[in-house]
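Hi,

Here is the structure I promised to pass on. Have a look at it first, and then read my notes below with the model open beside you.

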Amino acid sequence: MLKHHFALPIALMASTALAACSSEPEIDNDADLAAETEEAEIARQSLDTGDFADLELGAKIVGPQGEEVRGRLANESGAFADITSFVACPAGMEECDPATAPEGTIYTYVHTVYPGEDNDPTTGSGDGDDSSNVETTEAFRMTMPSHGFTGTVGFSYGEAANAVNDTLLIVASCHEQGIAWTVEEGDGGDQWGQGEPITFYWQSTLPPAGPADAYEVFANYTAASGPGPYPAPSDTASNACANSSSTNTSTVGS
């Protein structure tokens, strides 16, 4: 969500009759115009997104933590979100082992983010909030390049509608050769906040090399990062964000 700020000059004294007759103060719209320009740029360079509910996935990769990797997105002030992630092979594959998977296998990286934690002691960093109540979450994004990214990306439309009432308020774009999902404010000021999970996904030609601190949320106007499955760099694999001429370096929250 991008905040609009207005700078209102205050007249300290009326030095001329013209100033005294002025009915409205002059408004400096530079900050507002800059915010609108940024929103328009993100929308222009947005990636086509699909609905997570429409994906047909096969078996999940089983790693040292099992099929799912649980963690928290945090900074020095505390945790601002739980994150549960997994990587799946295409539908029809009953086992997802990168060592034996056929050439050309596409891996789907899935991340469910719970702002303010989900108050479930079996997931992430545990029961209760580790920070102040999360009133707004403006973005979920990668902090490292999305190696092998095919350009296929999306999120759960149903969860998004529950959080902000309108799936069109979530825009996926490229962010420093990674992916960012920017979340705008819904009708009536409804924002993605405390205990409202949203599932995001992206696809890669590369399997995960292990968990890496490659993901973050921008919540309560601060960045909080943490781990999730992440592919190793490759000299031959493409990256739709790095290769596209419309790559956008998002400045949301930065």
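Threonine 199 makes contact with Phe52, Val110, His111, Thr112, Phe155, Ser156 and Glu159, leaving aside residues up to four places away in sequence. You'll find threonine 199 in strand 10, which covers residues 198–204. Is threonine 199 buried or exposed? Its relative accessible area is 5%, and buried means under 20%, so threonine 199 counts as buried.

Before you go further, keep in mind that this is a predicted model. The protein chain has an average pLDDT of 81, and 74% of the residues reach at least 70. Confidence is highest in strand 2 (residues 57–60), with a mean of 98, and lowest in helix 1 (residues 17–21), with a mean of 41. Over residues 1–25 the pLDDT stays under 50, and the model has 32 contacts beyond four places in sequence for them. Residues 245–254 are also below 50, and that stretch has 30 contacts in the model beyond near neighbours in sequence. Where pLDDT is low, the predicted coordinates should not be read in detail.

Now the overall picture. The protein chain has 254 residues, and 44% of them are buried. Its secondary structure adds up to 4 helices and 12 strands. If you take the contacts between residues at least 6 apart in sequence, 74% of them join residues at least 24 apart.

Next, the disulfides. How many are there? The count is 2. If you number the bonded cysteines in sequence order, they pair up as 1-2, 3-4.

One disulfide joins cysteine 89 to cysteine 96, with 2.0 Å from S to S. The torsion about that S-S bond is about 75°, so this disulfide is right-handed. Both cysteine 89 and cysteine 96 are buried.

The other pair is cysteine 174 and cysteine 241, with sulfur atoms 2.2 Å apart. This link is left-handed, with -85° about the S-S bond. The pair ties together distant parts of the chain: cysteine 174 sits in strand 8 (residues 170–175) and cysteine 241 in helix 4 (residues 240–243), 67 residues apart. Are these two cysteines buried or exposed? Cysteine 174 has a relative accessible area of 2%, so it is buried. Cysteine 241 is buried too, because its relative accessibility is 0%.

While you're around helix 4, look at serine 234, in the loop between strand 12 (222–231) and helix 4. Serine 234 has a relative accessible area of 27%, so it counts as partly exposed. Which residue is 86 places away in sequence from serine 234 but 7.8 Å away in space? That's glycine 148, with the distance taken from C-alpha to C-alpha.

Then there's the largest pocket, which holds about 270 Å³ of space. It is lined by 18 residues, and the closest to its centre are Ile61, Gly63, Pro64, Val69 and Pro208. Strand 4 (78–90) and strand 11 (208–219) each give at least two residues to the lining. Which element gives the largest share? Strand 11 does, with 4 residues. Sorted by class, the lining has 11 nonpolar, 5 polar and 2 charged residues.

Last, a couple of backbone angles to check for yourself. Most residues other than glycine have a negative phi. Asparagine 165 has a positive phi, near 75°. Asparagine 165 is in the loop between helix 3 (157–164) and strand 8. With a relative accessible area of 48%, asparagine 165 is classed as partly exposed, because exposed means over 50%. Asparagine 220 also has a positive phi, near 50°. You'll find asparagine 220 in the loop between strand 11 and strand 12.

Have fun exploring, and write back if anything is unclear.

Cheers

How values were computed: Residues numbered from 1 in each chain as written. Predicted model: local features only at pLDDT ≥ 70, side-chain atom pairs only at ≥ 80, totals over all residues. Heavy atoms only, no water. 1 Å grid on protein atoms, 1.4 Å probe; cavity = no way out; pocket = protein on both sides within 12 Å on 5 of 7 lines; lining within 4 Å. Points joined across faces, edges and corners; volume = space filled by probe spheres on them. Nonpolar A, V, L, I, M, F, W, Y, C, P; charged D, E, K, R; others polar. Disulfide = S-S within 2.5 Å. Buried < 20%, exposed > 50% of the residue type's maximum accessible area, 1.4 Å probe, protein only. Contact = heavy atoms within 4.5 Å. pLDDT = per-residue confidence, 0-100.
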